[in-house]
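Trainee: Hi! Could you walk me through this protein? I'm new to reading structures.
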Amino acid sequence: MKPSELRRHQQRGSYDLESVSSVFNDTFMAHVSYVDKGLPQCLPMIALFHKVGGVTSVYLHGHPSARLMELVRQNKNEDGTEKREKIKVCITATKVDGLVLSSAPNGHTFNYRCAVVHGECTQETDLGLKREIMKGVTNHIVADRWEDVNPVASFQVSLVCVLRVNIESMSGKSRTGIPGIQPRDREKDGPDREEPVWTGVVPLYDVLDRPVESGLTNGARIPDSLEAYIGRRNDKHKEYSLKVAKL
């Protein structure tokens, strides 16, 4: 596995599996890019890091009729074996942690975490592994949700298409802290404002609100595990956003 080295701000880069996967774990949706008949395509999907036999790969799931799934399923030789040249994808995730406001337009930016994975796709047909991935995807949406719901229908396990993305390269990048003040030529660009310009960071984090009942399962109560997950995730993301506003 080789890193995708950064060209700018190299000190912000990270290339280890833990750093890269943590961005995907903290982001509900990733974006998966691929080329179809010469045209670039990009889809929002859940990207799940999962270890099988000591090897960590990224797993994608969806309906067999989805175009990416169809391309991988059709990427076969006449005898039904997979072609040596696999369908390649680029998977990205981004988490914005704050609005960074400088004293001039070109100094504005974000505190953020992002990650990129490049790899090749292979279809998984083992029902046991497909069930594992469905469990992982469910618990990615809400931790421990798999244990709080009815068992998955066997038909759904058979129907879903699961792709394993063998990681060829990956990288992460992050920014934290206060804004930089960009140099200005006051004789050429004009004087500063008479009133000092406010600079700083506006912390940003998503919040899971109070659950709203569907009305489809009357008499059911909100699970303690769901309440705990909401509180735990909200606290975690708020704490991080506030912390990196000062670093």
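Mentor: Happy to, and we'll go through a helix, some rings and some charged pairs. Keep in mind that this is a predicted model.

Trainee: Cool, let's start with H6. How many residues does H6 have, and how far does H6 reach?
Mentor: Helix H6 has 21 residues and reaches 31 Å from its first C-alpha to its last. That is close to the 30 Å expected at 1.5 Å a residue.

Trainee: Which residues of H6 are buried?
Mentor: The buried ones are Leu226, Tyr229, Ile230, Arg233, Asn234, His237, Ser241 and Val244. They cover an arc of only 125° around the axis, so they sit on the same side of H6.

Trainee: And what is exposed on the other side of H6?
Mentor: There you find Asp224, Asp235 and Glu239, which are exposed.

Trainee: What do the buried residues of H6 pack against?
Mentor: They pack against three strands and a helix: strand S7 (88-101), strand S8 (109-124), strand S10 (200-203) and helix H3 (127-141).

Trainee: Can we zoom in on Ser241? Is Ser241 buried or exposed?
Mentor: Ser241, which lies in H6, has a relative accessible area of 0%. Buried means under 20%, so Ser241 counts as buried.

Trainee: Which residues is Ser241 in contact with?
Mentor: If you leave aside its neighbours within four places in sequence, Ser241 is in contact with Asp97, Pro203, Leu204 and Tyr205.

Trainee: New topic: rings! How many aromatic pairs does a search of the whole structure find?
Mentor: One. Phe24 and Phe49 form that pair, and it is tilted, with 5.2 Å from centre to centre and 50° between the planes.

Trainee: Where do Phe24 and Phe49 lie?
Mentor: Phe24 lies in helix H1 (residues 17-25) and Phe49 in strand S5 (residues 48-52), so the pair ties together parts that are 25 residues apart in sequence. Both Phe24 and Phe49 are buried.

Trainee: What lies over the face of Tyr240?
Mentor: That would be Arg113, at 4.2 Å from the ring centre.

Trainee: Okay, charges next. Why do some charged side chains pair up?
Mentor: Side chains of opposite charge can pair when their charged atoms come close. In this model there are 15 salt bridges.

Trainee: Show me one! Which side chain meets Lys88 at 2.9 Å?
Mentor: Glu120 does, and the 2.9 Å runs from N to O. This salt bridge links distant parts of the chain, since Lys88 is in strand S7 and Glu120 in strand S8, 32 residues apart.

Trainee: What about Lys88 and Glu168, how far apart are their closest N and O atoms?
Mentor: They are 3.7 Å apart, and Lys88 and Glu168 form a salt bridge. Here too the pair links distant parts of the chain: Lys88 is in strand S7, while Glu168 is in strand S9 (residues 161-175), 80 residues apart.

Trainee: What are the relative accessibilities of Lys88 and Glu168?
Mentor: Lys88 is at 41% and counts as partly exposed. Glu168 has a relative accessible area of 31% and is also partly exposed.

Trainee: You mentioned Asp224 earlier. Which residue does Asp224 form a salt bridge with?
Mentor: Its partner is Arg221, with the closest N and O atoms 3.4 Å apart. Asp224 counts as exposed at 55% relative accessibility, and Arg221 is exposed at 60%.

Trainee: Last one: which residues do salt bridges with shared partners join into one network?
Mentor: Asp26, Asp97, Arg113 and Lys236. You have met two of those names already: Arg113 lies over the face of Tyr240, and Asp97 is in contact with Ser241.

Conventions. Residues are numbered from 1 along each chain as its sequence is written. This is a predicted model: local features need pLDDT of at least 70, side-chain atom pairs count only at pLDDT 80 or more; totals for chains, interfaces and linings use all residues. Side-chain values use heavy atoms; hydrogens and water are left out. Rings of Phe, Tyr and Trp (its six-membered ring) pair if their centres lie within 6.5 Å; planes under 30 degrees apart count as stacked, over 60 as edge-to-face and the rest as tilted. Helices (H or I, at least four residues) and strands (E, at least two) are DSSP runs, numbered from the N terminus. Buried means under 20% relative accessible area, exposed over 50%, partly exposed in between (1.4 Å probe, protein chains only). A charge sits over a ring if NZ of Lys or CZ of Arg is within 6 Å of the ring centre and within 35 degrees of the ring normal. Contact means heavy atoms within 4.5 Å. The expected span of a helix is 1.5 Å times one less than its number of residues. The arc is that of the directions from the helix axis to the C-beta atoms. A salt bridge is a side-chain nitrogen of Lys or Arg within 4 Å of a carboxyl oxygen of Asp or Glu.
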